[in-house]
Amino acid sequence: MDRLDNTIRPYAWGSPTAIPQLLGVEPTGEPQAEMWMGAHPGAPSRTERGTLVEVIDADPEKELGPAAVARFGPRLPFLLKILAAGAPLSLQVHPDLEQAKEGYADEERRGIPVDAPHRNYKDANHKPELICALTEFDGLCGFRPPLEAAGLLDDLGVDSLKPYVDLLHAHPEDAALREVLTAILTADPEEMSRTVAEAAAACDRLGGAYAPYADIAHHYPGDPGVLAAMLLNRVRLQPGEALYLGAGVPHAYLNGLGVEIMANSDNVLRCGLTPKHVDVPELLRIVRFQPSDPGVLRPEASPDGEEVYETPIDEFRLSRYVLPEAGTARDLTRPTPQILLCTSGTVRAGEHDLTPGRSVFVPAGEKAEVSGTGTLFRATVVA
């Protein structure tokens, strides 16, 4: 069992206080957006045996187990994070596995450097993800019914939004959503900037249900993603609730602290709320234009106290234990690799005492006995 030393990423949207408060350290004054736990080559966790990439590369079957290697190859197939949003993240979607393979192969054939700013596919993997709230957590997830979105836009009283309102009344619903998102993202930039400014002023004036969009516009003035955001369901998670974000589902995180787990990929297609490249044709190929309920997840408890967040994919499996008694030990040994993360209290994992924000890597089949009083998240795979 290896104690992990993890990198914190200082993305501009990060909260300057949430992760330091969890860790019990002084803020630096800079944004601290994500703490990465895993073997992603961009910022692998460090152990006394080397980086987690080096540890796994030295003996994949020992560290990951033969079943996981046979299923996912000789690498850890998930990345675990603590995510602290102090401002809205980019509005985005992720490809499915087939789309990722096709897109990656196409960009490789065309000789687009993998670090080029207009490159869409950094790898050939999909990127399903799950976010579990540690505090109240606000986000956007999936399309609203078009008529509901039309009413939201119409009530702003902005004349230049009328064409979008009319489009949203068309049938079928998927075609209506495609038409209006296409129109928003391909509009003349100067005209769109003026429309967004008028819409933002109206949101600010109306408040209430419109307040989040006024805040988004404050962070991204003139960005067409402000209008695209109004097409989506707004979600507020309570601590312990989660969202699963599958392929093609547009989403954005707005504010809050959570535990996030995802397949080990960097493939993102952006819809707005970003200065980065937006590839509209490729985005429209990936987005699933179906109204959907966000599907808030609550963990399902098993007799041994494990609370599992059920998802339809196998690259990751997230669960948590709420440990009420310091003297009671639980055996968490599994034939698959694990990362154990403490988010409250003090938990003893093997020989390691974990306080909030601290984590360990447990190789496949390694004895994993935990005790203490607190909350422990367990990340592993289904193999």
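Accessible areas here come from the Shrake-Rupley method with a 1.4 Å probe. On that basis the chain in this predicted model exposes about 15900 Å², with carbon and sulfur atoms supplying 51% of the total. Buried residues account for 55% of the 383 residues in the chain.

As for the overall build, the chain carries 12 helices and 21 strands. Its radius of gyration comes out at 22 Å, close to the 21 Å that the globule rule gives for 383 residues, so the chain is as compact as a globular protein of that length. Laid along its principal axes, the C-alpha trace spans about 65 × 50 × 40 Å. Contacts reach a long way along the sequence: of those between residues at least 6 apart, 75% join residues at least 24 apart. On the charge side, there are 34 positive and 56 negative side chains, and the centres of these two sets lie 3 Å apart.

Aromatic pairs come next, and the count is three. One of them brings together F137 and Y253, whose ring centres sit 5.4 Å apart with the planes at 75°; that angle is over 60 degrees, so the pair is edge-to-face. F137 belongs to strand β9 (residues 137-143) and Y253 to strand β12 (residues 251-263), so this pair ties together parts that are 116 residues apart in sequence. Both rings belong to buried residues: F137 has a relative accessible area of 2%, and Y253 is at 4%.

Strand β9 also supplies a partner to another pair, F143 with F289. Here the arrangement is stacked, at 5.6 Å centre to centre and with 20° between the planes. F289 sits in the loop between α12 (280-286) and β14 (300-301), so the pair links parts that are 146 residues apart in sequence. Once again the partners are buried, F143 at 2% relative accessibility and F289 at 4%.

Strands β9 and β12 turn up again around helix α10, as part of what covers its buried residues. This helix runs over residues 211-219, and its buried residues are P212, Y213, A214, I216 and A217. Besides the two strands, the cover includes α6 (146-154), α9 (189-206), α11 (225-229) and β10 (232-237).

Several loop residues are worth a look too. I313 is in the loop between β15 (307-309) and β16 (317-323), and at 13% relative accessibility it falls under the 20% cut-off, so I313 counts as buried. Setting aside neighbours within four places in sequence, I313 is in contact with P128 and Y244. From I313 to Q92 the C-alpha to C-alpha distance is 20 Å, for a separation of 221 residues in sequence.

Two further loops show backbone features. H171 and P172 are joined by a cis peptide bond, with omega at about -5°. P172 lies in the loop between α7 (162-168) and α8 (173-186). The other case is L273, which has a positive phi of about 60° although it is not a glycine. L273 is found in the loop between β13 (269-272) and α12, and with a relative accessible area of 1% this leucine is buried.

Definitions and conventions
Residues are numbered from 1 along each chain as its sequence is written. This is a predicted model: local features need pLDDT of at least 70, side-chain atom pairs count only at pLDDT 80 or more; totals for chains, interfaces and linings use all residues. Side-chain values use heavy atoms; hydrogens and water are left out. Helices (H or I, at least four residues) and strands (E, at least two) are DSSP runs, numbered from the N terminus. The radius of gyration is taken over C-alpha atoms; the globule rule is 2.2 Å times the number of residues to the power 0.38. Buried means under 20% relative accessible area, exposed over 50%, partly exposed in between (1.4 Å probe, protein chains only). Contact means heavy atoms within 4.5 Å. Lys and Arg count as positive and Asp and Glu as negative; His and the chain ends are not counted. The place of a charge is taken as NZ of Lys, CZ of Arg, CG of Asp or CD of Glu. Rings of Phe, Tyr and Trp (its six-membered ring) pair if their centres lie within 6.5 Å; planes under 30 degrees apart count as stacked, over 60 as edge-to-face and the rest as tilted.
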